[in-house]
Amino acid sequence: MENSIKKMLRLTDKYLTIQDVSYETFHQTNTLVIDAVLAPPTSACLTCGSAVRDSKGKTVIVKNGKKMTCIRFDQFNHLPLIMRLKKQRYHCRNCHTHWTAQSYFVRPNHSIAEHVKMKIIALLTEKVSLSFIAKHCQVSIPTVTRILKSLKTYLPKQAKRHLPKVLMVDEFRSHVSSEDKMSFICADGETGQLVDILPTRKLSRLTTYFQTCVNPSDVDYLVTDMNAAYFQLTKKVFPHAKLVIDRFHVIKHMNQAFQDFRVREMKRLIASGNRTMPRKLKSHWRLLTKNRKNINHTEYKTWRSFRAPKYPYLTEAMVLDRLLSASTALKVAYQAFHELADAFRDKDHESFFTLLHQLPETLDKEFRLKLQNLLSYEEGIRHSLIYPYSNGKIEAKNTHIKTLKRVSYGFKSFENMRIRIFLTNQVIHVK
Ligand SMILES: [Zn+2]
């Protein structure tokens, strides 16, 4: 019977004896109370090393009463569970020291069982707030924070940090450090494994950081988006690395440039007295950037902005023709945009840059300038069309960090946030 209770509580200490199980009220809640005794046999003195009996057969180590402790466990069948544990005390007659019996499931001078700590650590790897964990495990928030901080020792050491062959870098809004609003994140481009998180994205700090890593010269590819100045890292720290710009950001930049142009063109049309066409351009903005290969030529249907009786049924392609007839500038821009987009989708970097260098003279000036901005990233964009690496995995991580930040209602300490991000990414394993 007693062994069954121990089995249910997952306690394997053979010197632990369960004496009674009862219901009591603690802090106005019904609580399951287990009375137990921990009494291992006497052993040699820890201070002076005396054996239990000396050579003359006289007892040196004697039992010396019991110490009453209260240990909090995890809930049992939705009922708070505590153990009133009597720990055996011992006395050494040689050196007059006293000590108390200890067991693996609770540390000396602690009142929270290791089971609870394990549960807290398991919950810390999930996207939940610290207050939720505290409530769920019936401990205080400082206890949870303390356990979180104690995991710091599991973090990988800077001096031993190996950089991967493909390094993805990005930034995310953290709001925790006073020196920089944005924090820096980098990960392995092949496996998606998190490499590190830094409180700042300042180039000087990043340079010293990467220089202290074990193998900065082993980084072959640096994957980044277009917003930041991380290319300079390739010159300073990673001399052998090829810069790869994330493809998604190139497409995004082109789309944004085209949409900006469309809005300007609409305003121009409105100013020239055309009321209906701008509205149509607005409602069909998606059609204008749609891949030309996927435009439907066969299916006739009704359109909200092209109504009967003037337009009874139209296909997607016919609607597009009517939209482009709004102005020649739009037609030219549409043509240029899609030629570029097609070349990009086909990963044909030669024709992409030829097109970019030879944009038509009639193209809207601002739109043209924005597209030509891409030329300053020529090398990175070329590499992005040659090599298969992209920043997708790190963007996914950023989304997870955002969720974590939201469920925790923000972070106060960068260090705690870093440990939690490492935990949720399963970079540190706690046994
Ligand atoms: Zn002793």
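## Helix α13 and its packing

The buried residues of α13 pack against three other helices, namely α7 (247-271), α11 (328-345) and α12 (349-357). This description rests on a predicted model. Helix α13 itself spans residues 365-372, and its buried residues are Phe367, Arg368 and Leu371. These residues lie on the same side of α13, because they cover an arc of only 100° around the axis. In general, an α-helix has 3.6 residues a turn, so residues three or four places apart point the same way.

The face of α13 turned away from the buried side carries Lys365 and Leu369, both exposed. At the N-terminal end of α13, aspartate 364 acts as a cap, with a side-chain oxygen 3.3 Å from the backbone nitrogen of glutamate 366.

## Overall form of the chain

The chain contains 16 helices and ten strands. Its radius of gyration is 34 Å, well over the 22 Å that the globule rule gives for 431 residues, so the chain is more spread out than a compact globule. Along the principal axes, the C-alpha atoms fill a box of roughly 110 × 55 × 35 Å.

Of the 431 residues in the chain, 48% are buried. The chain exposes about 23300 Å², and carbon and sulfur atoms supply 53% of that area. Among contacts between residues at least 6 apart in sequence, 57% join residues at least 24 apart.

## Domains

The chain is divided into domain 1 (2-111), domain 2 (123-154), domain 3 (158-246 + 390-424) and domain 4 (248-386). The centres of domain 2 and domain 4, taken over C-alpha atoms, are separated by 51 Å.

## Asparagine 391

Asparagine 391 is found in the loop between α14 (378-386) and α15 (392-407). This residue is buried, with a relative accessible area of 0%. A polar atom of the asparagine 391 side chain lies 3.4 Å from the backbone oxygen of valine 169.

When neighbours within four places in sequence are left aside, asparagine 391 is in contact with Met168, Val169, Val223, Thr224, Asp225 and Asp246. Valine 169 thus appears both in this set of contacts and in the polar pairing with the asparagine 391 side chain.

## Threonine 31

Threonine 31 is placed in strand β2 (residues 29-38) and is buried, with a relative accessible area of 3%. A polar atom of its side chain lies 3.0 Å from the backbone oxygen of threonine 29. Leaving aside neighbours within four places in sequence, threonine 31 is in contact with Ser22, Tyr23, Glu24, Phe26, Pro80, Leu81 and Ile82.

Threonine 31 and aspartate 218 are 187 residues apart in sequence, and their C-alpha atoms are 58 Å apart in space.

## Loop residues with positive phi

Two loop residues merit separate mention for their backbone angles. Asparagine 77, although not a glycine, has a positive phi of about 45°. Asparagine 77 is located in the loop between β3 (61-72) and β4 (81-92), and at 72% relative accessibility it counts as exposed.

Lysine 347 is likewise not a glycine, yet has a positive phi of about 55°. The position of lysine 347 is in the loop between α11 and α12, and at 39% relative accessibility lysine 347 counts as partly exposed. The helices α11 and α12 that flank this loop are among those against which the buried residues of α13 pack.

Definitions and conventions
Residues numbered from 1 in each chain as written. Predicted model: local features only at pLDDT ≥ 70, side-chain atom pairs only at ≥ 80, totals over all residues. Heavy atoms only, no water. Buried < 20%, exposed > 50% of the residue type's maximum accessible area, 1.4 Å probe, protein only. Helix = DSSP H or I, 4+ residues; strand = E, 2+ residues; numbered from the N terminus. Arc of directions from axis to C-beta. Contact = heavy atoms within 4.5 Å. Polar contact = N/O pair within 3.5 Å; in protein donor to acceptor, adjacent residues only side chain to side chain. Rg over C-alpha atoms; globule rule 2.2 N^0.38 Å. Areas by Shrake-Rupley, 256 points an atom, 1.4 Å probe, with all protein chains shown as cover. Domains from an automatic or database assignment.
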